[in-house]
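Colleague: I'm new to this one. Could you pick a single part and walk me through it closely, charged pairs included?

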Amino acid sequence: MRSILALAFTAALGNSAIAADMPVKAPPPAPAPVYTWTGCYIGGNIGWAQVSARFEDRFGEDDGRLSKSGFAGGGQIGCDYQFASNWVFGVQGMFDGADISRSRVSVLDTDLTFHSDVRWFATITARLGYLVTPSFLFYAKGGWGTVQQRFSVTDTISGDAFSTDRNSSGGDVGVGFEYMFTPNWTFFVEWDHIFLNRSSMRVVDFDIDDRIHRDFDKVLFGINWRFGGARSY
């Protein structure tokens, strides 16, 4: 009887040692995150903007240019919808302040000095993007833009001055990319061009009746916080 008990005790110890030496099965790996760009966002941006204005008198003669670039910064809000796996469609509104000023003597009348001052611009656009990777979006955009610009003319001899606001609008086109670096935060870089419509500046006292041709470019760096979407699972 004692022999049987000893054999049973020895076998139990052996089984315990074998069980202790067996490798522990690793838990299954966590599923890879799946990003979604569907949802809305709000964010801020900073960057560079340039306005170019070309003056032409009533007879079609060139009266020179006023081109200047400067700092810009503001914010944006929008919504996106991801479809067909890799495509993203969205709409966006953007408003930025700027401080872009430039003065230049008239080509046709050196007694006159033109001055241009841009204070803000805004765009409403739609965009279509393609996901190169689940977190990297390349996109093109198009819509409408408005630039607030003040022009003034000063007679350097008499000191008389005339100023007028010339808010101008036109089509907006651009390209950019956006990177989702956390589930709800993205970073973007984009370039836009606004084709501003022509305007005229008539100053009877200075015998000026110029047409103004303008273009506007901007390069912006921004960050967005996304809500209601852009999650990882």
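Modeller: Sure, and one term comes up straight away: buried means under 20% relative accessible area, exposed over 50%, and partly exposed in between (1.4 Å probe, protein chains only). This is a predicted model, where local features need pLDDT of at least 70, side-chain atom pairs count only at pLDDT 80 or more, and totals for chains, interfaces and linings use all residues. Residues are numbered from 1 along each chain as its sequence is written, and side-chain values use heavy atoms, with hydrogens and water left out.

Let's start at S135, in the loop between β4 (112–133) and β5 (136–155); strands are DSSP runs of E, at least two residues, numbered from the N terminus. S135 has a relative accessible area of 14%, so it's buried. Leaving out residues up to four places away in sequence, S135 touches W37, E178, Y179 and M180, a contact being heavy atoms within 4.5 Å.

Now follow E178. It makes a salt bridge with R127, the closest N and O atoms being 2.8 Å apart; that term means a side-chain nitrogen of Lys or Arg within 4 Å of a carboxyl oxygen of Asp or Glu. This pair ties together distant parts of the chain, with R127 in strand β4 and E178 in strand β7 (residues 168–182), 51 residues apart. Both R127 and E178 are buried.

β5 has a charged pair too: K141 forms a salt bridge with D192, the closest N and O atoms 3.9 Å apart. Here D192 sits in strand β8 and K141 in strand β5, 51 residues apart. K141 is buried because its relative accessible area is 8%, and D192 counts as buried at 0%. As for E178 and R127, salt bridges with shared partners join them with D80 and R226 into one network.

Conventions:
Helix = DSSP H or I, 4+ residues; strand = E, 2+ residues; numbered from the N terminus.
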